[in-house]
Amino acid sequence: MTANASARAIKPELLRTYTEDFNKDRANLIAADAAVSAGVLKAATDYRGVRALPRDFSIELKQGSITNQERSGRCWMFASLNTLRYELMHRWNLEDFEFSETYLFFWDAMEKSNTYLENVLRTLDEATDSRLFEAINESPADDGGWWQMFAALVNKYGLVPKSAYPESENSRNSDDFKQYLNSKLREFAAELRRRSAAGASEDELRALKDEYMGTVYRICAVALGEPPEKFDFFARPKDDDEDKKGEARKCKAEADADGKAESCKCGESCKCEGKSDAKACKCDKDKSDKPKTGKDERPQIREIGITPLEFYKKYVPVDVNDFVTLANAPLKNRPFNQRYRIRFSANVAEAGDMEFVNVPLDVFKKAALDQLTAGHPIWFACDCTQFALRKDGFFDQSVVRVDQLFGTEFTGDKAHGLEYGDSPSNHAMTFTGVNLGEDGKPNRWKVENSWGKDAGEDGYYVMSDAWFDRYVTELIIRKEYLDDATRALLTTEPVELDPWQPLTRRCR
C-alpha cells in the first residue's frame with residue numbers, strides 16, 4: 001500500500017477508539033437497542049414534540065374524502081385536483097367529489113412522450129453524454145410533475161369525474177407501465193439521432209416522430225384504457241335542511257338524556273317538549289303533509305354527453321391560469337424578487353416551460369395565510385422525507401429527534417438543503433388549515449395528503465411552522481392574494497435556469 005493510499009484509509013487504531021468511545025457511553029447503548037429493535041424513526045420519536053402539535057386549527061377548510069395515489073408518482077396531480085375539487089364541492093353544494101386522476105395521467109404520459117421526442121430533435125447536436133442531453137434523457141415520461149404541468153393538461157384536455165374514468169392497475173402502480181414506455185421512447189430517440197446523422201431532414205424526422213407517437217398512444221391505451229371523449233355526469237347537492245334537522249335531533253337527545261332541556265337551537269322558534277319522557281322535537285317534524293318515503297328527493301345535477309373541457313369550464317369555479325408559483329429558495333445565485341424559467345421543463349410542448357417567482361419567507365408565508373384565511377386550499381411542494389413520521393402524520397424536527405438518537409446536531413439550513421441536494425422538493429400536498437397563536441402568527445399547519453386514510457390521522461398531517469420555514473419551497477397562490485410588488489414581477493422578463501439546477505426536481 002502506498003503512503004497516499006494509507007493516508008486515505010480508515011485506520012485500525014481509529015476503529016478501536018471509535019468502539020471504545022461508543023461502548024463507554026450508556027446513552028449510545030440505549031439508543032442502539034431502541035433503533036435496532038424499532039427502527040430509527042420510532043426510536044427517535046419524542047412524545048413531548050407530539051404533544052406540542054395538537055390537531056386543531058383556528059382556520060380549517062372542509063374537504064372531501066381523503067384520496068390515495070397508491071404506488072404511483074402522481075402526488076402533483078392529486079394535490080392539484082384536491083384544490084379544485086374543494087372549490088367545485090362548495091360551489092355546487094356537494095357532500096363529496098373526486099376528479100379522475102387517471103384521465104390526466106393518460107394525457108400526461110402522451111404529452112411527456114411527445115415533448116421528450118421534440119427535445120431530442122432540439123438537441124441533435126448534443127453528445128449523448130452531455131449534461132443537457134443526460135438531463136433530458138433521464139426520465140422521458142416518468143410520473144412526477146408540478147402545478148404548471150397540471151394546468152397545461154387541464155387547459156388542453158379538461159377534467160372528468162372519477163366515475164367517468166376510474167383507476168386501473170397501471171395507474172395505481174405505474175412502474176411497469178412507465179418502465180417500458182420509457183424504454184421505447186429511448187429507442188425512438190436513438191433512431192431519430194441515427195436518421196439525422198444519415199442526413200434526414202427536419203420534416204422527415206418530425207414525420208417519423210408522429211409515427212412513433214402512434215405506438216405511444218397504443219401503449220398508453222393498453223395500460224390505462226382509452227380516455228372518454230364525452231361522458232354522463234350525475235350528482236346530488238346536499239339537503240340544505242340537513243344541518244337544521246341534525247340540530248333538532250341533537251336537541252331531542254339532550255332532552256331525553258336529562259329531562260331539563262327547555263328550548264332547541266335548531267333555527268326554529270319551537271320548544272323541545274317534555275322532560276325525561278320527551279318523544280319528539282317539534283322543530284324536527286315534517287312541515288309538509290306529504291307522506292314520507294324512502295325516495296331521495298334532493299335536487300339533481302345531470303349532464304348527458306358532456307365533454308371534459310365543457311365539464312371543466314362549467315363546473316370548476318376557478319381558472320387554473322389564475323395561479324402563480326411562488327418559491328422560497330434562499331440561494332445566493334437565485335436572488336429574491338425575481339422571475340425564473342426552467343429550460344426543458346414542459347410536459348405539454350406548446351405550453352411553455354415552468355416558471356416561478358422567488359420571494360422572501362415573509363412574503364411567501366403571508367400569501368399562504370391570506371389565501372387560507374379567505375377560504376381556499378393551497379398546493380405546496382416540500383421534501384416530505386425530512387423529520388417526518390409517515391404513519392403517524394407529523395412534519396416536525398421536534399418530533400423526530402434523530403439528533404438525540406445519534407448524538408449529533410443537524411444544522412443545515414434551507415439554502416444548504418437546496419444547494420447540496422439534501423432536501424429538494426419531492427412531494428406535493430395541500431394545505432387545508434392553519435392555527436394562529438395569540439400573536440396572530442401561525443404555529444402549525446393542517447396538511448391533506450394523498451397517501452390514503454391509513455397515513456397520518458385519517459389521511460391528514462400536522463406540520464410545525466418551523467418545519468414550514470425549513471422544508472416548504474413552493475406554493476401555488478391565486479393572483480389576487482399576491483402583494484403588488486410580487487404581482488408586478490409577473491410581467492418582467494424571466495431569468496432562464498438549466499434543467500439540472502435546484503428547484504427543478506419533479507414532485508412524485
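**A walk through the model, starting at Ser183**

Let's start with one residue: Ser183 is partly exposed, with a relative accessible area of 35%, because that value falls between the 20% under which a residue is buried and the 50% over which it is exposed. Ser183 belongs to helix H11, which covers residues 175–197. Look across to Ser139 and you'll find the two C-alpha atoms 10.0 Å apart, although 44 residues separate Ser183 and Ser139 in sequence.

Now step back to the whole thing. What you have here is a predicted model, with a mean pLDDT of 92 and 90% of its residues at 70 or more. One stretch calls for some care: over residues 260–284 the pLDDT stays under 50, and the model has 47 contacts there beyond four places in sequence.

How is the protein put together? It has 19 helices and 14 strands. Of its 508 residues, 48% count as buried. If you take the contacts between residues at least 6 apart in sequence, 77% of them join residues at least 24 apart. As for the outside, the protein exposes about 26100 Å², with carbon and sulfur atoms supplying 48% of that.

Next, the aromatic rings. A search of the whole structure turns up 29 aromatic pairs. Take Trp147 and Phe323: their ring centres are 4.9 Å apart and their planes stand at 50 degrees, so this pair is tilted. Trp147 sits in helix H9 (residues 147–157) and Phe323 in strand E4 (residues 323–327), so the pair ties together parts that are 176 residues apart in sequence. Both Trp147 and Phe323 are buried.

Phe233 and Tyr315 make another pair, with ring centres 5.5 Å apart and planes at 65 degrees, so this one is edge-to-face. Here too, distant parts of the chain are linked: Phe233 is in strand E2 (residues 231–235) and Tyr315 in helix H14 (residues 308–315), 82 residues apart. Are these two buried or exposed? Phe233 is buried, with a relative accessible area of 6%, and Tyr315 counts as buried at 4%. Phe233 and Tyr315 also belong to a cluster linked by ring pairs, together with Trp92, Phe97, Phe99, Phe231 and Phe311.

Rings can have charged company as well. The charged end of Arg193 sits over the ring of Phe133, 4.7 Å from its centre. Elsewhere in the sequence, Lys446 places its charged end over the ring of Tyr460, 4.4 Å from the ring centre.

Conventions: Residues are numbered from 1 along each chain as its sequence is written. This is a predicted model: local features need pLDDT of at least 70, side-chain atom pairs count only at pLDDT 80 or more; totals for chains, interfaces and linings use all residues. Side-chain values use heavy atoms; hydrogens and water are left out. Helices (H or I, at least four residues) and strands (E, at least two) are DSSP runs, numbered from the N terminus. Buried means under 20% relative accessible area, exposed over 50%, partly exposed in between (1.4 Å probe, protein chains only). Contact means heavy atoms within 4.5 Å. Accessible areas come from the Shrake-Rupley method with a 1.4 Å probe; for residues, only the protein chains shown count as cover. pLDDT is the predictor's confidence in each residue, from 0 to 100. Rings of Phe, Tyr and Trp (its six-membered ring) pair if their centres lie within 6.5 Å; planes under 30 degrees apart count as stacked, over 60 as edge-to-face and the rest as tilted. A charge sits over a ring if NZ of Lys or CZ of Arg is within 6 Å of the ring centre and within 35 degrees of the ring normal.
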